Every structure is written in C-alpha cells, then in structure tokens.
Amino acid sequence: MDFQRFVDSLTVMACVISVEVHTDGTPHVYRMVAGNKSYVDSIEHPAPGTEMLKSRFEPNSLYTDYLTRDLNFEDYSYRAAVEKKCLHSYASPDRMSNVWLDMNFIPLIEADGLHYCLYTMQVDLKPDMEKISNISADIAVPVLETCVRLRGTSDFKATMKDVIAGIRDLCGAEHCCILLVNEAERSCSVLGEAFSKDTKLLPMEHYVNDEFYDIA
C-alpha cells in the first residue's frame, strides 16, 4: 500500500504509524512512516506551544525523535494497529502547554511483518468543552456517582475507601492507592487503598519511608 499517497488524500493532519511487535520482551518499536503536508507543517512550522524535539520530518522515523516517550500514545497506537480498534482521544499533553489535541487512531492493513494505523490530529489552542464532556457512559456514570458520594458524605475516609475500591474495579487494576504528600515534613501517608481478591501485593505502608518520598 502506498501510505504516502493515502495520507496525501486527507485534508486533516494525518500520518501513518507502524508498530513493530517484539515477543522477546524488548520494547515494541513505533515509527512515523508517512505524513501529509498538514502533518509535516505541524512539525516544521509549528504553532506556538506545539514545538517538537525535531523540526524536520523524515519518513519512517522513530516517533521519539519528535516527542518525548508517551506511553498513552504507544498504547493507543498498539491497540489500533495490532488489536484493530478504532480509538479517539481528546487530551492536553504534558509536553504542550495550553494545547488540546483531538486525535483518532484507525487500524490499517498489515504488511512486511509490521502493523499499521492511521493517526489524525486537530490542534485546539483553547479546550473545547463539548469534546471534553463527550465521554462514554461507562465512565461518566461512575464519575457522577463518585461526585455525589463525596459531596454527601459525613465520613470522608470511609467514603474515600469506597471510591478507591470503585476506581480499582473500573480500571481492572490489581491495586489502587491514594497517597497524601507532605512537602514540609518530606513524608507521605496512605489515604486509602484497595486490592483485587487474589493479589499477593503488600499494603503500601510496607514501602512508605523516607526513601519512598522521593518516588512519590
């Protein structure tokens, strides 16, 4: 497939991402295979606040040539390219202050042992509240329930314990914990935590000490 011709047919900022999957435990490799003029211009002639690490686009480059490593970007690229899922995200990356990105990840065909997805992007210099609030019901309902629960509680710690358990369950996590950090005393303490049923993980109190403060 001629990826360059494909992205050139699109008017939105678009590039094709390749994912090289390694089964030996080494990190997968993510490359920007081809970008259309709009996408290349976003790198070579960026808007204020959207500058990248490198100001010249070279096809088939590692994405980390342009961006600091972003685990969310890798996760979305992997799920789109390898797991064949269509994904959408609206977020403000840490690397770009006061900028919001409207992103789509669409699976493409596999070729030469590589997985591919289309990545499209729109830059908003001000957040679009409609896009921010447009989240799925399975996320919105627990968030609203949590807000109601916290506003009406008379026992904050007990309620937080339930909230943390709900967050752990929602994320399918083995462990979920909220830490309180006291900068003046260089200390941190556990506000609450929740574990999955058969976990072998130890409570967070086992790790919290003066050295752990630096990690927190």
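## Close-up views of a predicted model

**View 1. The hairpin of β7 and β8.** R186 takes a positive phi near 50° in the hairpin of β7 and β8, where four residues lie between the strands. Everything shown here comes from a predicted model. The two strands, β7 (residues 175-182) and β8 (residues 187-195), run antiparallel and are joined by eight bridges. To find one of the pairings, start from C177: its bridge partner in β8 is E193.

**View 2. The largest nonpolar core.** This core has 24 residues, and those touching the most other members are I17, M32, Y39, Y66, F105 and Y119. Two or more residues come from each of these elements: the strands β1 (13-20), β2 (29-35), β5 (100-107) and β6 (115-124), and the helices α2 (37-44) and α3 (71-81). A second core, separate from this one, has nine residues, including V7, V33, A34 and Y116.

**View 3. The surroundings of I17.** Which residues does I17 touch, leaving aside those up to four places away in sequence? They are R31, M32, V33, F73, S77, H115, Y116, C117 and Y119. You have met M32 and Y119 already, since both belong with I17 to the residues that touch the most other members of the largest core.

**View 4. H45 in its loop.** Look for H45 in the loop between α2 and β3 (61-62). Is this residue buried or exposed? H45 counts as exposed because its relative accessibility is 59%, and the cut-off for exposed is over 50%. If you would like a distant landmark, try F156: its C-alpha atom is separated from that of H45 by 50 Å, and the two residues are 111 residues apart along the chain.

Methods:
Residues are numbered from 1 along each chain as its sequence is written. This is a predicted model: local features need pLDDT of at least 70, side-chain atom pairs count only at pLDDT 80 or more; totals for chains, interfaces and linings use all residues. Side-chain values use heavy atoms; hydrogens and water are left out. Two strands pair if DSSP finds at least two bridges between them. A nonpolar core is a set of buried Ala, Val, Leu, Ile, Met, Phe, Trp, Tyr and Cys residues joined through side-chain atoms within 4.5 Å. Buried means under 20% relative accessible area, exposed over 50%, partly exposed in between (1.4 Å probe, protein chains only). Contact means heavy atoms within 4.5 Å.
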